[in-house]
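Morning, everyone. I'll walk through one model, helix by helix, then the backbone oddities. Please have the viewer open.

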Amino acid sequence: MKSLLQTLFSCSLALFFCACGNEKSSTIISQKAGFGHFDLNPSQEVLAGEELVGVYFMPSWNTSPDPNVDRYSFWSCIQDPKNCASLQNPGIWGPKGRIYNARYPYEGPYLDRKPIKELKGFYKRTDPEVARKQLQYMKEYGIDFFAYDWFFGRNYYYHLYFGPQSKIYYPEGWKIDPNRDGRVAVPGLIEWGDQLEVLLAENAKLPKEKQMKWAVNWCDDSHERWMAWLKIGSPDELARKANYEGEKPDRELYLQVHDKITQLWIDQYFSRGDYLRSEDGRPVVYFYFPQDAESRAAFYGLILKDLLDRSQAIAKKAKLPGIKFIAVTAGPMLERERAYGLPTQWKAKNPNRPWEGGEYQKKMLLQEYVPRLKSMGFEGMTAYVYHNFLEKDNRSYADMRETYRGHWNMWSEKFKSDPNFEYQVPVAMGWDMRPAGGTWPQQTGFPSEPYKDRVHSTKSTFRDKLKEAVAVSQKYRASNGKTIMICCWNEYLEGNYIEPTEGHGFDYLEAIQEVFEK
């Protein structure tokens, strides 16, 4: 599918835009005051037995235009720049793709990121034996659940009477056109879900006490997919007979697709015994960068709470106690970077032809956006990766530990008097995006901030960061809950992975095991 490659970079670029930082003069926070000191010596013992440990899981996908060749988005970029679709994408690197020269040399291949032989090296993402090993390692080393980065393409219509599409999920009883091979009335399908299917199938085979819990991390963040959605029913699409007359991305259909997503969660995920639930029995859904969904919902005159309320109503109609939504967010904190802020509105340049483009508007700073989360329907927040805190950038892992302490302190203090909104303390293993070209892509063909691609941890420094995170979680237990979120199991292109590799072996899993003593 055309959008697969660019979606990863949408995630990465969004992380950049949400980490460059800016802040209004009326809300300036002292950098010195922001960095927290939690009275924890790295050698000090912490009582981490009660903490839940979560880790994000990023799917891979096929980037080959040849249907007979399966070229993995991860492995091709680690091994050979000529086969790395990420480096050759003109949409993110300009017409010549990623350019390497004396100033910006190619520094790969990055073979230290090759998974260990027990995982079959550069494994197939749908290999059940590998999935079983991944689940085994997570469980054995003290990880309690994984949050799967979950993508959904709104714009895909399909035909239930057409063999290859007959098993694609569609809510039972929903309208189809029997005269069009069962053409569905409401479009949309899961993207990059084959890896999750195998993980869940293998998980179900395990004894209950050895199964991993898991949750959806809904990534509704691709601008390219948003534009593809708006093109439904456009003259060009109708001319090439991609869609039928009357199929258009209006407000009603947008809401129906949202309902379809929620119903899919209920039918295929929430009914499973291995799905992550809150203490009161509600399924937990992580929501990656809610500002993206909010800004696009605003195009239809909707607020994000409208969408979350619909999901809650559908869940309760299905006899569930509701859904617990946790926002996964980061953002600019410095006023000079407001242009890269968190948008709350998308406005078409031509309302009658929105597929031709528009602008993200009403951008907010992180400290402006976060106080709104509870009113949107979220009951907590965490993060994927923080790239800075105010003026402080991550140029080393020592920097990253310092910037994280700033965020931990700020948000824990903010919510310490609110037991109904939790801050799940996040931790990252590092950052090094060189296999995908560097941080961050520009049309010039060069990364804009290559100095951020040296955020490398060791077992010792990662372990110390985990101890600090536990101390923060426990200090603010009444409001922070007891969840530590780790990024990531396998973000290989972003250099943020704890899965055992030839480069670091089991170091990061052993650090987790040592800290949490599970």
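**Helices, packing and unusual backbone**

Let's start with helix α11, residues 304–317. In α11, the buried residues are Leu304, Leu307, Leu308, Ser311, Gln312, Ile314 and Ala315. They span an arc of only 165 degrees around the axis, so they sit on the same side of α11. Why does that spacing work? An α-helix has 3.6 residues a turn, so residues three or four places apart point the same way.

One caveat before going on: this is a predicted model.

What do the buried residues of α11 pack against? Two strands are on the list, β7 at 284–288 and β8 at 324–328. The helices are α9 at 251–270, α10 at 290–297 and α13 at 373–376. As for geometry, α11 has 14 residues. Its first and last C-alpha atoms are 20 Å apart, close to the 20 Å expected at 1.5 Å a residue. After α11 comes lysine 319, with a positive phi near 70 degrees.

Now α10, one of those partners. How many of its eight residues are buried? Eight of eight, so α10 is mostly covered. The buried set takes in charged names as you read along: Pro290, Gln291, Asp292, Ala293, Glu294, Ser295, Arg296 and Ala297.

Look at the loop between β7 and α10. Phenylalanine 289 is there. Its phi is positive, about 50 degrees, although it is not a glycine. Is phenylalanine 289 buried or exposed? Buried, at a relative accessible area of 1%.

Next, helix α14, residues 397–415. It has 19 residues and reaches 27 Å from first C-alpha to last, close to the 27 Å expected at 1.5 Å a residue. Of those 19 residues, 15 are buried, so α14 is largely enclosed by the rest of the structure.

Which way does α14 run against α15, residues 459–475? The two pack at an angle of about 10 degrees, with axes 11 Å apart. That makes α14 roughly parallel to α15, since the cut-off is under 35 degrees. On the α14 side, the contact uses Tyr397, Met400, Arg401, Tyr404, Arg405, Trp408 and Ser412. On the α15 side, it uses Thr461, Phe462, Asp464, Lys465, Glu468, Ala469 and Val472. By class, the contact residues are seven nonpolar, two polar and five charged.

Stay on α14 for one residue. Histidine 407 is in this helix. At 1% relative accessibility, histidine 407 counts as buried. What does histidine 407 touch, leaving aside neighbours within four places in sequence? Met333, Leu366, Tyr386, Asn388, Phe389, Ser412 and Tyr423. Ser412 also belongs to the contact with α15.

Over to strand β5, residues 189–191. Isoleucine 190 is in β5. It is partly exposed, with a relative accessible area of 26%. Beyond residues up to four places away, isoleucine 190 touches Trp150, Phe151, Phe152, Leu264, Gln268 and Tyr269. Take the first name there, tryptophan 150. Isoleucine 190 and tryptophan 150 are 40 residues apart in sequence, yet 7.8 Å apart in space, C-alpha to C-alpha.

Just along the chain is tryptophan 192, in the loop between β5 and α6, 194–205. Here is another positive phi, near 60 degrees, in a residue other than glycine. Tryptophan 192 is buried too, at a relative accessible area of 6%.

Now the peptide bonds. Where are the cis ones I want to show? One joins glycine 108 and proline 109, with omega about 0 degrees. Proline 109 lies in the loop between α4, 90–93, and α5, 128–140. Another runs from cysteine 487 to cysteine 488, with omega near 0 degrees. Cysteine 488 is in the loop between β16, 483–487, and α17, 507–516. For anyone setting up restraints, those are the two bonds to find in your viewer.

Last stop, helix α5. Glutamate 129 lies in it. At 44% relative accessibility, glutamate 129 counts as partly exposed. Its C-alpha is 8.1 Å from that of leucine 119, which is 10 residues away along the chain.

That's the tour. Questions, please.

Terms used:
Residues numbered from 1 in each chain as written. Predicted model: local features only at pLDDT ≥ 70, side-chain atom pairs only at ≥ 80, totals over all residues. Heavy atoms only, no water. Axes fitted to C-alpha atoms, helices over the stretch in contact; angles between N-to-C directions. Helix = DSSP H or I, 4+ residues; strand = E, 2+ residues; numbered from the N terminus. Parallel < 35°, antiparallel > 145°, perpendicular 65-115°, else oblique. Contact = heavy atoms within 4.5 Å. Nonpolar A, V, L, I, M, F, W, Y, C, P; charged D, E, K, R; others polar. Expected span 1.5 Å × (residues − 1). Buried < 20%, exposed > 50% of the residue type's maximum accessible area, 1.4 Å probe, protein only. Arc of directions from axis to C-beta.
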